[in-house]
Amino acid sequence: MALEDIRIVLVNTSHSGNIGSVARAMKTMGLSKLYLVDPACEVDSHASALAAGATDVLGAATKVDTLQEAIAECVLTIGTSARSRTLSWPMVDPRECAQKLVTESVNGPVALVFGRENSGLTNEELQLCNYHVCIPANPEYSSLNLAMAVQTLAYETRMTYLDTLEAPAEEVDEAVYPSSKQMELFYEHLENTLNDTGFIIKQHPGMVMTKLKRLFNRARPEDQELNILRGILSSIDKSTK
(Lines give C-alpha, C1' and ligand atoms only; values in the text may rest on other atoms or scores of the structure.)
Protein backbone atom coordinates (compact mmCIF):
# COMPACT_ATOMS: atom_id res chain seq x y z
CA MET A 1 0.00 0.00 0.00
CA ALA A 2 1.53 3.31 -1.13
CA LEU A 3 0.48 5.31 1.94
CA GLU A 4 2.57 3.09 4.21
CA ASP A 5 5.77 4.33 2.57
CA ILE A 6 4.98 8.04 3.00
CA ARG A 7 6.79 9.62 5.94
CA ILE A 8 5.70 12.79 7.69
CA VAL A 9 8.85 14.38 9.13
CA LEU A 10 8.68 17.11 11.79
CA VAL A 11 11.88 19.06 12.44
CA ASN A 12 12.67 20.50 15.88
CA THR A 13 9.02 20.81 16.95
CA SER A 14 8.59 23.03 20.04
CA HIS A 15 5.17 22.06 21.40
CA SER A 16 4.13 18.52 22.27
CA GLY A 17 0.50 19.31 21.50
CA ASN A 18 1.44 19.99 17.90
CA ILE A 19 3.01 16.55 17.60
CA GLY A 20 -0.17 14.96 18.94
CA SER A 21 -2.35 17.01 16.59
CA VAL A 22 -0.17 16.01 13.64
CA ALA A 23 -0.55 12.33 14.55
CA ARG A 24 -4.31 12.79 14.54
CA ALA A 25 -4.24 14.63 11.19
CA MET A 26 -2.14 11.83 9.72
CA LYS A 27 -4.33 8.98 10.90
CA THR A 28 -7.51 10.55 9.54
CA MET A 29 -5.90 10.41 6.10
CA GLY A 30 -4.42 6.92 6.46
CA LEU A 31 -0.80 7.93 7.08
CA SER A 32 1.13 6.23 9.86
CA LYS A 33 4.89 6.89 9.51
CA LEU A 34 5.83 9.83 11.75
CA TYR A 35 9.47 10.91 12.14
CA LEU A 36 10.57 13.43 14.78
CA VAL A 37 13.87 15.19 14.11
CA ASP A 38 15.49 16.56 17.28
CA PRO A 39 12.17 17.52 18.93
CA ALA A 40 12.47 20.43 21.37
CA CYS A 41 9.85 18.85 23.67
CA GLU A 42 8.85 15.50 25.11
CA VAL A 43 6.03 13.45 23.64
CA ASP A 44 3.96 13.74 26.82
CA SER A 45 0.39 13.34 28.04
CA HIS A 46 -0.60 16.58 26.31
CA ALA A 47 0.54 15.13 22.99
CA SER A 48 -1.43 11.94 23.70
CA ALA A 49 -4.56 13.92 24.60
CA LEU A 50 -4.47 15.89 21.33
CA ALA A 51 -3.69 12.76 19.33
CA ALA A 52 -7.08 11.45 20.48
CA GLY A 53 -7.50 8.06 18.77
CA ALA A 54 -4.14 8.30 17.00
CA THR A 55 -1.92 7.36 19.94
CA ASP A 56 -0.74 4.35 17.91
CA VAL A 57 0.80 6.70 15.33
CA LEU A 58 2.28 8.77 18.15
CA GLY A 59 3.67 5.74 19.98
CA ALA A 60 5.29 4.36 16.83
CA ALA A 61 6.99 7.66 15.94
CA THR A 62 10.70 7.41 15.12
CA LYS A 63 13.03 9.92 16.80
CA VAL A 64 16.29 10.86 15.07
CA ASP A 65 18.91 13.55 15.60
CA THR A 66 19.13 14.95 12.07
CA LEU A 67 17.01 15.38 8.97
CA GLN A 68 19.60 13.38 7.04
CA GLU A 69 18.83 10.36 9.23
CA ALA A 70 15.06 10.72 8.73
CA ILE A 71 15.30 10.76 4.94
CA ALA A 72 18.43 8.66 4.32
CA GLU A 73 16.53 5.82 2.58
CA CYS A 74 13.99 8.05 0.83
CA VAL A 75 13.87 8.19 -2.97
CA LEU A 76 11.95 11.49 -2.87
CA THR A 77 11.86 14.28 -0.29
CA ILE A 78 9.58 17.31 -0.44
CA GLY A 79 10.05 20.17 2.01
CA THR A 80 7.35 22.65 3.00
CA SER A 81 8.21 26.31 2.59
CA ALA A 82 5.99 29.32 3.27
CA ARG A 83 8.37 31.93 1.88
CA SER A 84 10.58 32.46 -1.13
CA ARG A 85 14.30 31.90 -0.65
CA THR A 86 17.34 33.71 -2.00
CA LEU A 87 18.06 30.73 -4.24
CA SER A 88 14.88 29.32 -5.76
CA TRP A 89 14.31 25.55 -5.72
CA PRO A 90 11.94 23.47 -7.86
CA MET A 91 8.42 24.19 -6.54
CA VAL A 92 5.25 22.10 -6.63
CA ASP A 93 1.74 22.92 -5.50
CA PRO A 94 -0.09 20.66 -2.99
CA ARG A 95 -1.69 18.48 -5.68
CA GLU A 96 1.56 18.04 -7.59
CA CYS A 97 3.21 17.24 -4.27
CA ALA A 98 0.62 14.54 -3.55
CA GLN A 99 0.99 13.04 -7.03
CA LYS A 100 4.75 12.78 -6.68
CA LEU A 101 4.54 11.26 -3.19
CA VAL A 102 1.99 8.61 -4.20
CA THR A 103 3.63 7.77 -7.53
CA GLU A 104 7.16 7.42 -6.19
CA SER A 105 6.26 5.66 -2.95
CA VAL A 106 5.87 2.53 -5.07
CA ASN A 107 9.67 2.54 -5.52
CA GLY A 108 10.61 3.16 -1.89
CA PRO A 109 10.07 5.47 1.10
CA VAL A 110 9.23 9.11 0.40
CA ALA A 111 9.12 12.01 2.84
CA LEU A 112 7.15 15.20 3.39
CA VAL A 113 9.11 17.49 5.70
CA PHE A 114 7.73 20.22 7.99
CA GLY A 115 9.87 22.74 9.84
CA ARG A 116 9.76 24.62 13.12
CA GLU A 117 6.57 26.34 14.18
CA ASN A 118 8.12 29.81 14.22
CA SER A 119 10.76 29.67 11.47
CA GLY A 120 10.15 26.65 9.25
CA LEU A 121 13.07 24.82 7.64
CA THR A 122 16.53 26.31 7.27
CA ASN A 123 18.03 26.81 3.81
CA GLU A 124 20.41 23.92 4.52
CA GLU A 125 17.48 21.62 5.35
CA LEU A 126 15.53 22.72 2.28
CA GLN A 127 18.54 21.90 0.13
CA LEU A 128 18.19 18.26 1.18
CA CYS A 129 14.79 18.17 -0.54
CA ASN A 130 14.07 17.41 -4.20
CA TYR A 131 11.15 19.84 -4.29
CA HIS A 132 9.53 22.51 -2.16
CA VAL A 133 5.78 22.79 -1.65
CA CYS A 134 3.88 25.90 -0.58
CA ILE A 135 0.20 25.91 0.41
CA PRO A 136 -1.46 28.81 -1.46
CA ALA A 137 -3.27 30.26 1.53
CA ASN A 138 -4.97 33.67 1.72
CA PRO A 139 -2.09 36.15 1.20
CA GLU A 140 -3.75 38.57 3.60
CA TYR A 141 -3.79 35.93 6.33
CA SER A 142 -1.68 32.90 5.51
CA SER A 143 -1.13 31.73 9.08
CA LEU A 144 -1.42 27.94 9.17
CA ASN A 145 -0.43 26.05 12.29
CA LEU A 146 1.62 22.87 11.94
CA ALA A 147 -1.28 20.41 12.20
CA MET A 148 -3.33 22.42 9.67
CA ALA A 149 -0.49 22.29 7.17
CA VAL A 150 -0.05 18.54 7.67
CA GLN A 151 -3.82 18.00 7.39
CA THR A 152 -4.02 19.96 4.12
CA LEU A 153 -1.20 18.09 2.40
CA ALA A 154 -2.23 14.73 3.88
CA TYR A 155 -5.74 15.24 2.48
CA GLU A 156 -4.37 15.94 -1.01
CA THR A 157 -2.20 12.85 -0.71
CA ARG A 158 -5.13 10.65 0.28
CA MET A 159 -7.32 11.95 -2.55
CA THR A 160 -4.56 11.24 -5.06
CA TYR A 161 -4.10 7.75 -3.61
CA LEU A 162 -7.84 7.03 -3.87
CA ASP A 163 -7.83 8.24 -7.47
CA THR A 164 -5.07 5.76 -8.32
CA LEU A 165 -7.20 2.91 -6.97
CA GLU A 166 -10.07 3.82 -9.29
CA ALA A 167 -8.01 4.73 -12.35
CA PRO A 168 -7.24 2.13 -15.04
CA ALA A 169 -3.80 0.59 -14.82
CA GLU A 170 -1.12 2.72 -16.46
CA GLU A 171 2.44 1.98 -17.47
CA VAL A 172 4.66 2.17 -14.41
CA ASP A 173 7.71 4.41 -14.53
CA GLU A 174 10.50 1.88 -14.08
CA ALA A 175 13.14 4.53 -13.36
CA VAL A 176 15.07 3.85 -10.16
CA TYR A 177 16.19 6.93 -8.28
CA PRO A 178 19.00 7.12 -5.71
CA SER A 179 18.19 7.57 -2.05
CA SER A 180 18.84 10.79 -0.17
CA LYS A 181 21.91 9.18 1.41
CA GLN A 182 23.31 8.22 -2.00
CA MET A 183 22.84 11.80 -3.23
CA GLU A 184 24.52 13.13 -0.09
CA LEU A 185 27.55 10.88 -0.74
CA PHE A 186 27.64 12.07 -4.36
CA TYR A 187 27.67 15.72 -3.27
CA GLU A 188 30.52 15.00 -0.84
CA HIS A 189 32.47 13.27 -3.63
CA LEU A 190 31.76 16.14 -6.04
CA GLU A 191 32.86 18.78 -3.55
CA ASN A 192 36.07 16.90 -2.69
CA THR A 193 36.94 16.51 -6.37
CA LEU A 194 36.26 20.18 -7.13
CA ASN A 195 38.44 21.13 -4.16
CA ASP A 196 41.25 18.88 -5.40
CA THR A 197 41.15 20.33 -8.92
CA GLY A 198 41.10 23.87 -7.57
CA PHE A 199 37.72 24.66 -9.10
CA ILE A 200 36.45 25.45 -5.61
CA ILE A 201 38.76 27.61 -3.51
CA LYS A 202 38.38 26.35 0.06
CA GLN A 203 38.83 29.81 1.58
CA HIS A 204 36.19 31.29 -0.75
CA PRO A 205 33.78 28.50 -1.76
CA GLY A 206 30.97 30.90 -2.61
CA MET A 207 27.66 29.36 -3.71
CA VAL A 208 29.11 26.76 -6.07
CA MET A 209 27.92 23.66 -4.19
CA THR A 210 24.53 25.16 -3.38
CA LYS A 211 23.93 25.90 -7.07
CA LEU A 212 25.20 22.48 -8.13
CA LYS A 213 22.88 20.79 -5.63
CA ARG A 214 19.98 22.77 -7.06
CA LEU A 215 20.99 21.69 -10.58
CA PHE A 216 21.16 17.98 -9.74
CA ASN A 217 17.99 18.08 -7.63
CA ARG A 218 16.21 19.65 -10.58
CA ALA A 219 17.66 17.09 -13.02
CA ARG A 220 16.99 14.14 -10.68
CA PRO A 221 19.55 11.66 -12.06
CA GLU A 222 18.50 8.03 -12.02
CA ASP A 223 20.51 5.36 -10.22
CA GLN A 224 22.57 4.37 -13.28
CA GLU A 225 23.15 8.01 -14.23
CA LEU A 226 24.44 8.73 -10.74
CA ASN A 227 26.82 5.77 -11.04
CA ILE A 228 28.16 7.27 -14.29
CA LEU A 229 28.68 10.64 -12.57
CA ARG A 230 30.49 8.97 -9.67
CA GLY A 231 32.64 7.10 -12.19
CA ILE A 232 33.56 10.36 -13.93
CA LEU A 233 34.56 11.89 -10.60
CA SER A 234 36.66 8.82 -9.75
CA SER A 235 38.49 9.08 -13.09
CA ILE A 236 39.24 12.76 -12.37
CA ASP A 237 40.46 11.81 -8.89
CA LYS A 238 42.90 9.28 -10.38
CA SER A 239 44.30 11.78 -12.88
CA THR A 240 44.77 14.49 -10.24
CA LYS A 241 46.48 12.16 -7.79
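A residue is called buried here when its relative accessible area is under 20%, and because Phe216 has a relative accessible area of 14%, Phe216 is buried. The model is a predicted one, and by that cut-off Phe186, at 1% relative accessibility, counts as buried as well.

These two residues lead into the aromatic contacts, of which a search of the whole structure finds 2 pairs. The rings of Phe186 and Tyr187 have centres 5.6 Å apart and planes at 50 degrees, so this pair is tilted, and both of these residues are buried. The rings of Phe186 and Phe216, by contrast, have centres 5.1 Å apart with planes at 85 degrees, so that pair is edge-to-face. Phe186 lies in helix 8 (residues 180-197) and Phe216 in helix 9 (residues 208-219), and the pair thereby links distant parts of the chain, 30 residues apart. Phe186, Tyr187 and Phe216 form one aromatic cluster. Another ring, that of Tyr177, has the charged end of Arg220 sitting over it, 4.1 Å from the ring centre.

Turning to charged pairs, the search finds 5 salt bridges. Among them is the one between Asp56 and Lys27, whose closest N and O atoms are 3.1 Å apart; Asp56 lies in helix 3 (residues 55-59) and Lys27 in helix 1 (residues 16-28), so the pair ties together parts that are 29 residues apart in sequence. Arg95 and Glu156 also meet in a salt bridge, at 3.3 Å from N to O, and since Arg95 belongs to helix 5 (residues 94-104) and Glu156 to helix 7 (residues 146-166), the parts tied together are 61 residues apart in sequence. Arg95, at 57% relative accessibility, counts as exposed, whereas Glu156, at 12%, counts as buried.

Conventions:
Residues numbered from 1 in each chain as written. Predicted model: local features only at pLDDT ≥ 70, side-chain atom pairs only at ≥ 80, totals over all residues. Heavy atoms only, no water. Phe/Tyr/Trp six-rings, centres within 6.5 Å; stacked < 30°, edge-to-face > 60°. Buried < 20%, exposed > 50% of the residue type's maximum accessible area, 1.4 Å probe, protein only. Helix = DSSP H or I, 4+ residues; strand = E, 2+ residues; numbered from the N terminus. Lys NZ or Arg CZ within 6 Å of the ring centre and 35° of its normal. Salt bridge = Lys/Arg side-chain N within 4 Å of Asp/Glu carboxyl O.
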